[in-house]
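Dear colleague,

I am passing on the structure we spoke about, and I would be glad if you could look through it with the notes below beside you. The sequence and the model come directly after this paragraph.

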Amino acid sequence: MSTVAGLPAHVPMTLWKDRDPAAMRVRGMYAGRVNVTGDPLATVSRLAADGVQLAQLDDMVDLDDPGGAAAVAALAVIRELTSHGIAVDWTLRMSVGPAGWRPLSHLHPPAAVYAGSAGDGIAAEWRDTFHIAKCGYRLGPGFIEIRDRRTGSFRRLVIRNPNREEAIAPLLRGVRAASLAPTVTERYLRADLLHQVGRYVWWTPYRIRRWPLSSTIP
């Protein structure tokens, strides 16, 4: 039996069972600390089952890190927290750019973005445009369906693969870009299904737990 690979770096964070600042001070709302090192999907599923509603990451996510392991591990955890509807208190550092944050705009908005003079505007737009299921996937018989609204318009992609879960399992945790076939990396990066930081890449869409029925989210 194969073992599930863990994250490329550890992600320490503090947990609460409420996201309201006043309620967080009530006895029993503090849920302790966790250092995510193994499978982020299983870990975050367990946190959600335990009633965690807010996770505060210790470390800033740095998209300019030439190594990329720490940033990719953190982003994979944030993706899973967002998927389960758990709020995330995190900060982001990135190079100044007009749209470099949009591939991440489906993640729970960061508390602050450090991108020169553009940072405050990026953070505000991120908060204003964020909604549930902004970029998610579901697994069907022999296919993966992705629904993506990160650019403001709706895009639907279908990847047909009989080994769909095995194909994306390592990408969900983050892997070295060099470990993938260049054609696969290029195709998924171009479609914004993979995001690269330094030498690592990770799968950006999160699994949608309840498929939305909405006129704004087809």
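What follows is an account of the sheet, the charged pairs, the aromatic pairs and one loop residue.

Please keep in mind throughout that this is a predicted model, and that the values below were computed from it.

The sheet

I begin with an open sheet of four strands, whose order is β10-β9-β8-β14 and whose pairing is mixed. The edges are formed by β10, residues 155-160, and β14, residues 206-207, each of which pairs on one side only. Between β9 and β10, which run antiparallel, there are six bridges. Helix α4, covering residues 164-173, packs on this sheet and touches both β8 (135-140) and β9, with its direction at about 145 degrees to that of β8.

Aspartate 148

Within the sheet, D148 deserves a longer look, and it belongs to strand β9, which spans residues 143-148. Is D148 buried or exposed? Its relative accessibility is 4%, and because buried means under 20%, D148 counts as buried. In β10, the bridge partner of D148 is R155, and the side chains of these two residues are also joined by a polar contact of 2.7 Å. A further polar contact, of 2.8 Å, links the side chain of D148 to the side chain of R150. If neighbours within four places in sequence are left aside, the residues in contact with D148 are K134, C135, S153, F154 and R155.

Salt bridges

Side chains of opposite charge can pair when their charged atoms come close. For this structure the count comes to 12 salt bridges, and I describe some of them here.

D148 appears again in this setting, as it forms a salt bridge with R150 in which the closest N and O atoms are 2.8 Å apart. R150 is buried, with a relative accessible area of 4%, and D148 likewise counts as buried, at 4% relative accessibility.

A salt bridge also forms between R138 and E145, with 2.6 Å between the closest N and O atoms. The partners have unlike surroundings by the accessibility classes: R138 counts as partly exposed, at 33% relative accessibility, whereas E145 counts as buried, at 0%.

In helix α5, R190 forms a salt bridge with E186, the closest N and O atoms being 3.4 Å apart. Both residues lie in that helix and are separated by four residues, about one turn of the helix. How exposed is each partner of this pair? R190 has a relative accessibility of 60% and counts as exposed, and E186, at 51%, counts as exposed too. Elsewhere, salt bridges that share partners bring R138, E145, R147 and R156 together in one network.

Aromatic pairs

Turning to the rings, a search of the whole structure gives five aromatic pairs. One of them is formed by Y188 and W203, whose ring centres are 5.9 Å apart and whose planes stand at 75 degrees, so the pair is edge-to-face. Which parts of the chain does this pair tie together? Y188 lies in helix α5 (residues 182-190) and W203 in strand β13 (residues 200-203), so the pair ties together parts that are 15 residues apart in sequence. As for burial, Y188 has a relative accessible area of 14% and is buried, while W203 is buried with a relative accessible area of 0%. In addition, W90, W101 and W126 make up one aromatic cluster.

A loop residue

Finally, R102 sits in the loop between β6 (91-93) and β7 (112-114), where it is partly exposed, with a relative accessible area of 28%. Leaving aside neighbours within four places in sequence, R102 is in contact with E125 and R150, and R150 is the residue named above as forming a salt bridge with D148. With respect to G51, R102 is 51 residues away in sequence, and the C-alpha to C-alpha distance between the two is 30 Å.

With best regards

Note on methods
Residues are numbered from 1 along each chain as its sequence is written. This is a predicted model: local features need pLDDT of at least 70, side-chain atom pairs count only at pLDDT 80 or more; totals for chains, interfaces and linings use all residues. Side-chain values use heavy atoms; hydrogens and water are left out. Rings of Phe, Tyr and Trp (its six-membered ring) pair if their centres lie within 6.5 Å; planes under 30 degrees apart count as stacked, over 60 as edge-to-face and the rest as tilted. Helices (H or I, at least four residues) and strands (E, at least two) are DSSP runs, numbered from the N terminus. Buried means under 20% relative accessible area, exposed over 50%, partly exposed in between (1.4 Å probe, protein chains only). A polar contact is a pair of N or O atoms within 3.5 Å; within protein, one must be able to donate a hydrogen and the other to accept it, and residues adjacent in sequence count only if both atoms are side-chain atoms. Contact means heavy atoms within 4.5 Å. Two strands pair if DSSP finds at least two bridges between them. Axes are lines fitted to C-alpha atoms, for helices over the stretch in contact, and angles run from 0 to 180 degrees between N-to-C directions. A salt bridge is a side-chain nitrogen of Lys or Arg within 4 Å of a carboxyl oxygen of Asp or Glu.
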